[in-house]
Amino acid sequence: MDFFAGSATSAQSILDLNSEMHMHRKFILVQSGEEKIEKNQKAELLGIKTISDLAQVRIRRAGKKIKEETAADIDYGFRFFKVDSSNMKDVYHAPADVEQLSLDCFEDNIKEDRTPEDLLIQVMLDLGILLSSDIETQEIAGKKVFSVADDYLLACFDKDVTEETVIEIAKKKPFYAVFRDNSMANDSVAANFEQIFETYSPETVRKVL
């Protein structure tokens with residue numbers, strides 16, 4: 001772990017070492033603040049505005065170079081996270097503090113600018129699931145479903161989720177199943193949600209955002 005990531009020298013060193021020794025060491029880099037770099041034409045063409053941007057470019061290039069020059073069987077991938085505010089509106093965390101007249105603004109308790117990937121990362125953090133876990137996307141009954149750690153967690157944040165989607169997810173018997181609060185296609189699906197899991201996978205822990 002490197003708490004002063006800079007331009008990601010540590011990451012490149014780990015990738016080089018993994019290549020040379022056929023190991024699978026992992027790394028975590030932390031960069032405090034969005035430190036901007038001096039403007040220059042080359043950096044702008046690469047979309048580099050901050051030290052963190054520079055670090056990402058360096059890691060990608062280091063991995064590409066190793067793949068081109070060696071036959072090492074190592075993992076070149078990495079994930080980049082930025083600290084941000086909660087994905088949820090205030091009504092989700094402190095409903096008692098929201099006045100009745102304001103409730104029309106909260107038909108959806110998730111902030112409008114958040115992506116399904118944002119929600120997935122929040123769920124993983126809330127449930128204590130490693131952010132380095134394998135993540136795949138599946139299509140189940142026409143809806144996008146995230147599968148984390150080989151179906152340990154199945155999460156669907158699409159809207160208009162049908163009973164067919166819920167049944168197919170339940171049949172996979174995940175440890176956790178997560179949906180959006182207003183994602184069900186109609187009241188019938190919402191009413192049958194718990195019964196579906198009790199029928200197909202009663203041990204699954206259900207969570208609704």
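**Exercise 1. A charged patch**

Task: In this predicted model, find which residues form a negative surface patch, and place E136 within the fold.

Solution.
Step 1. The negative surface patch consists of D75, D134, E136 and D150.
Step 2. E136 belongs to strand β1, which covers residues 135–140.
Step 3. Exposed means over 50% relative accessible area. E136 has 51%, so it counts as exposed.

**Exercise 2. A nonpolar patch**

Task: Name the residues of the nonpolar surface patch that has about 600 Å² of accessible area, and state where V30 is found.

Solution.
Step 1. The patch is made of M1, F3, F4, I28 and V30, and together they have about 600 Å² of accessible area.
Step 2. V30 is found in the loop between α1 and α2, the latter being residues 41–45.
Step 3. With a relative accessible area of 30%, V30 is partly exposed.

**Exercise 3. Salt bridges**

Task: State how many salt bridges the count comes to, then describe the pairs K144 and E117, E168 and K171, and E198 and R206.

Solution.
Step 1. The count comes to five salt bridges. As background, side chains of opposite charge can pair when their charged atoms come close.
Step 2. K144 and E117 form a salt bridge through their side chains, with an N to O distance of 3.1 Å. This pair links distant parts of the chain, since K144 lies in strand β2 (residues 143–148) and E117 in helix α5, 27 residues apart. K144 is partly exposed at 33% relative accessibility, and E117 is also partly exposed, at 37%.
Step 3. E168 and K171 form another salt bridge, at 3.8 Å from N to O. Both residues are in helix α6 (residues 163–171); because they are three residues apart there, about one helical turn separates them. E168 is partly exposed, with 33% relative accessible area, and K171 is partly exposed with 44%.
Step 4. In the pair of E198 and R206, the N to O distance is 2.9 Å. Salt bridges with shared partners join E194, E198 and R206 into one network. Within this network, E198 is partly exposed, with a relative accessible area of 42%.

**Exercise 4. The surroundings of Q122**

Task: Decide whether Q122 is buried or exposed, and list the residues it touches beyond four places away in sequence.

Solution.
Step 1. Q122 is located in helix α5, residues 116–127.
Step 2. The limit for a buried residue is under 20% relative accessible area. Q122 has 12%, so it is buried.
Step 3. Leaving aside residues up to four places away in sequence, Q122 touches S86, N87, M88 and L209.
Step 4. For the contact with M88, the C-alpha atoms of Q122 and M88 are separated by 9.8 Å, with their positions 34 residues apart along the chain.

**Exercise 5. The surroundings of S19**

Task: Determine in which helix S19 lies and which residues S19 touches beyond four places away in sequence.

Solution.
Step 1. S19 lies in helix α1, which spans residues 9–21.
Step 2. Its relative accessible area is 11%, so S19 is buried.
Step 3. With residues up to four places away in sequence left out, the contacts of S19 are I66, T70, A72 and I74.

**Exercise 6. Packing of helix α6**

Task: Identify the buried residues of α6 and the elements against which they pack.

Solution.
Step 1. T165, V166, I167, I169 and A170 are the buried residues of α6.
Step 2. These residues pack against strands β1, β2, β3 (153–156) and β4 (176–179), and against helix α7 (187–200).
Step 3. Just after α6, K173 has a positive phi of about 55°.

**Exercise 7. The whole chain**

Task: Give the order of elements in the protein from the N terminus on, and state what percentage of its residues is buried.

Solution.
Step 1. The protein has seven helices and five strands.
Step 2. From the N terminus on, their order is α-α-α-α-α-β-β-β-α-β-α-β.
Step 3. Of the 209 residues, 35% are buried.
Step 4. Among contacts with a separation of 6 or more, 53% are between residues 24 or more positions apart.
Step 5. The protein exposes about 13,400 Å², and 50% of this area comes from carbon and sulfur atoms.

How values were computed
Residues are numbered from 1 along each chain as its sequence is written. This is a predicted model: local features need pLDDT of at least 70, side-chain atom pairs count only at pLDDT 80 or more; totals for chains, interfaces and linings use all residues. Side-chain values use heavy atoms; hydrogens and water are left out. Helices (H or I, at least four residues) and strands (E, at least two) are DSSP runs, numbered from the N terminus. Buried means under 20% relative accessible area, exposed over 50%, partly exposed in between (1.4 Å probe, protein chains only). Contact means heavy atoms within 4.5 Å. Accessible areas come from the Shrake-Rupley method with a 1.4 Å probe; for residues, only the protein chains shown count as cover. Patches are made of residues with over 30% relative accessible area and no salt bridge: like charges are joined within 9 Å, nonpolar side chains (Val, Leu, Ile, Met, Phe, Trp, Tyr) within 5 Å. A salt bridge is a side-chain nitrogen of Lys or Arg within 4 Å of a carboxyl oxygen of Asp or Glu. Lys and Arg count as positive and Asp and Glu as negative; His and the chain ends are not counted. The place of a charge is taken as NZ of Lys, CZ of Arg, CG of Asp or CD of Glu.
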